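Dear colleague,

I am passing a structure on to you below, together with some notes on what turned up when I went through it. Please read the notes with the structure open beside them.

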Amino acid sequence: MSNPRQITARELHLILLYSHWEFGMSPAEFYSKWDVSYEQIALICSRSDSTVRSWFRKGKKQRHPTRNDSLHLAFMDLLLEHFEEIPHEVLQWLHFN
């Protein structure tokens with residue numbers, strides 16, 4: 001087993017920035033911006049179709065997306081907006097090849 005890398009002050013700063021990052025997008029924002037179905041939102045968020053439908057309900061049966069769901073939608077929005085601008089090397093690191 002290899003030794004893990006030490007966390008430097010720079011890396012600790014990045015961890016702190018990331019932990020307070022307010023990056024996210026609600027399902028309603030994503031749905032109104034892109035011509036997608038609830039099923040496609042479910043794929044993006046790794047949720048069931050019924051869970052996604054419950055995000056759009058009103059009343060007692062309404063459910064709310066998690067922070068991770070809003071991160072997935074925001075990241076997908078970023079990819080949809082800027083995919084062609086992302087350097088090939090970064091796409092390889094993300095396994096988008």
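**A nonpolar patch on the surface**

On the surface, Phe75, Leu78, Phe83, Leu94 and Phe96 form a nonpolar patch, and together these residues have about 400 Å² of accessible area. Please keep in mind throughout that this is a predicted model.

Two members of the patch can be placed in helix H5, namely Leu78 and Phe75. Leu78 has a relative accessibility of 36% and therefore counts as partly exposed, since that class runs from 20% to 50%. Phe75, at 34% relative accessibility, also counts as partly exposed. Once residues up to four places away in sequence are set aside, Phe75 touches Phe23 and Leu94. Phe75 and Phe23 are 52 residues apart along the chain, yet their C-alpha atoms are separated by 8.5 Å.

**Helix H3 and the core**

Which residues of helix H3 are buried? In this helix, which covers residues 38–45, they are Ile41, Ala42, Ile44 and Cys45. When one looks down the axis of H3, these buried residues fall within an arc of 160°, so they line one face of the helix. As general background, an α-helix has 3.6 residues a turn, so residues three or four places apart point the same way.

What do the buried residues of H3 pack against? Their partners are helix H2 (27–33), helix H4 (49–55) and helix H5 (67–82). Ala42 gives a closer view of one such residue: leaving aside its neighbours within four places in sequence, Ala42 is in contact with Arg47, Ser48, Asp49 and Val52.

The largest nonpolar core of the model has 11 residues, and these are Met25, Phe30, Val36, Ile41, Ala42, Ile44, Cys45, Val52, Trp55, Leu73 and Ala74. At least two residues of this core are supplied by each of H3, H4 and H5, and H3 gives the most, with four residues. In soluble globular proteins, nonpolar side chains tend to be buried together.

Helix H5 also holds Ser70. This serine is buried, with a relative accessible area of 15%, which is under the 20% limit for that class. Its contacts, not counting neighbours within four places in sequence, are with Gly24 and Met25, and Met25 is itself one of the residues of the largest nonpolar core.

**Two residues with a positive phi**

Most residues other than glycine have a negative phi, and with that in mind two places in the model may be worth a look.

Ser46, which follows H3, has a positive phi of about 55° although it is not a glycine. Ser46 sits in the loop between H3 and H4. Is this residue buried or exposed? With a relative accessible area of 63%, Ser46 is exposed, because the class begins over 50%.

His95 is the other case I would point to, with a phi near 60°, a positive value in a residue other than glycine. His95 is found in the segment after helix H6 (88–93). At 67% relative accessibility, His95 counts as exposed.

With best wishes

Terms used
Residues numbered from 1 in each chain as written. Predicted model: local features only at pLDDT ≥ 70, side-chain atom pairs only at ≥ 80, totals over all residues. Heavy atoms only, no water. Buried < 20%, exposed > 50% of the residue type's maximum accessible area, 1.4 Å probe, protein only. Arc of directions from axis to C-beta. Contact = heavy atoms within 4.5 Å. Patch = residues over 30% accessible without salt bridge, like charges linked within 9 Å, V, L, I, M, F, W, Y side chains within 5 Å. Areas by Shrake-Rupley, 256 points an atom, 1.4 Å probe, with all protein chains shown as cover. Salt bridge = Lys/Arg side-chain N within 4 Å of Asp/Glu carboxyl O. Core = buried A, V, L, I, M, F, W, Y, C linked by side-chain atoms within 4.5 Å.
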